[in-house]
Amino acid sequence: MEQIMEQIYRIGIIPVVVLKDAGNALALGRALCESGLPCAEVTFRTDAAEASISLLAQNEPKLLVGAGTVLTVEQADCAIKAGAKFIVSPGLNPKLVRHCQEKEIPVIPGILTPSEIEQALELGLEVVKFFPAEPAGGLPMIKAMGAAYTKLRFMPTGGITIENVSEYLKCDKILACGGSWMVKEALVDAGRYEEIATLCRQAAGVVKAIRG
């Protein structure tokens, strides 16, 4: 699990992907790998999520594939069976967290408050998602809460853009940032993979400039 977290840290910006058609998965996966962001958090917001994860896991060995917007144990099992290497959820569901821990798969649940952070720490977690990041106070909120919980790291998602991501990445409390601006549904649906690759290269450049 530490190895997966280290990979997430090195990649720095995690593309949060909504795939309505699994037929788009491989072209998107290639664009991500070739542009320096070899990771996809495929969200369980569509019926194509499980098949998309499976295709990516089987055909893109350099791509770190995870599942996002996982709300139930059943969804987690589907994602893990399909080949997901990590699980992300929008909120803190202790049952889901414990299930992933039993399966020895990294899980990053969403939090908003110190009380939820303490629940996460009680579950043995060292990384949490801060969601929705910008509407909930953004980096100042993370720094304020992080001052009290010194060993915890955050993966902010929600409102992260190319304009503000560098400020997040400069903070030592941040494991990585989740973002969708480089993989917007409209771009994927239209097959605009060159544009996606260009946006991903720009994002990867920001990570490299800050983290080397």
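A pocket, as I use the word here, is an open set of grid points with protein on both sides within 12 Å along at least five of seven lines, and its lining residues have an atom within 4 Å of a point. With that in place, let me turn to the structure, which is a predicted model.

I begin with the second largest pocket. Its lining comprises 21 residues, and those nearest the centre are V16, R45, T157, G158 and S180. Two elements, β2 (39-43) and β8 (177-179), each give two or more residues to that lining. The space in the second largest pocket comes to about 290 Å³. Sorted by class, its lining holds 7 nonpolar, 9 polar and 5 charged residues.

The largest pocket has a volume of about 360 Å³. Here 16 residues form the lining, with M1, M5, G124, E126 and V127 nearest the centre. The class count for this lining is 9 nonpolar, 2 polar and 5 charged. Which element gives the most to the lining of the largest pocket? It is helix α1, residues 2-11, with 4 residues.

Helix α1 merits a closer look. Its buried residues include I4, M5, I8 and I11. These four cover an arc of only 125° around the axis, and therefore sit on the same side of α1. As background, an α-helix has 3.6 residues a turn, so residues three or four places apart point the same way. On the face of α1 turned away from the buried side we find the exposed residues E2, Q3 and R10. Just after the helix, G12 adopts a positive phi of about 85°.

R10 also brings us to the salt bridges, of which the count is 6. The side chain of R10 meets that of E6, with an N to O distance of 3.9 Å. The two residues are 4 apart in helix α1, which means that about one helical turn separates them. R10 is exposed, at 53% relative accessible area, while E6 is partly exposed, at 37%.

A second salt bridge joins E185 and K20, at 3.4 Å from N to O. E185 belongs to helix α9 (residues 185-189) and K20 to the loop between β1 (13-17) and α2 (25-34), so this pair ties together parts that lie 165 residues apart in sequence. E185 is partly exposed, with a relative accessible area of 33%, and K20 is exposed, with 51%. K20 and E185 are also linked with D189 in a network of salt bridges.

One further pair is R192 and E195, whose closest N and O atoms are 2.8 Å apart. Both partners are partly exposed: R192 has a relative accessibility of 39%, and E195 has 35%.

I close with the cysteines. How many disulfides does a search of the whole structure find? The result is 0. Why is C33 without a bond to C39? The cysteine sulfur closest to that of C33 is in C39, 9.6 Å away, and this is too far for a bond, given that a disulfide requires sulfur atoms within 2.5 Å. C200 is likewise in no disulfide, the nearest cysteine sulfur being that of C33, 10 Å away. As for their surroundings, C33 is partly exposed at 22% relative accessibility, whereas C200 is buried, with a relative accessible area of 0%.

Note on methods. Residues numbered from 1 in each chain as written. Predicted model: local features only at pLDDT ≥ 70, side-chain atom pairs only at ≥ 80, totals over all residues. Heavy atoms only, no water. 1 Å grid on protein atoms, 1.4 Å probe; cavity = no way out; pocket = protein on both sides within 12 Å on 5 of 7 lines; lining within 4 Å. Points joined across faces, edges and corners; volume = space filled by probe spheres on them. Nonpolar A, V, L, I, M, F, W, Y, C, P; charged D, E, K, R; others polar. Buried < 20%, exposed > 50% of the residue type's maximum accessible area, 1.4 Å probe, protein only. Arc of directions from axis to C-beta. Salt bridge = Lys/Arg side-chain N within 4 Å of Asp/Glu carboxyl O.
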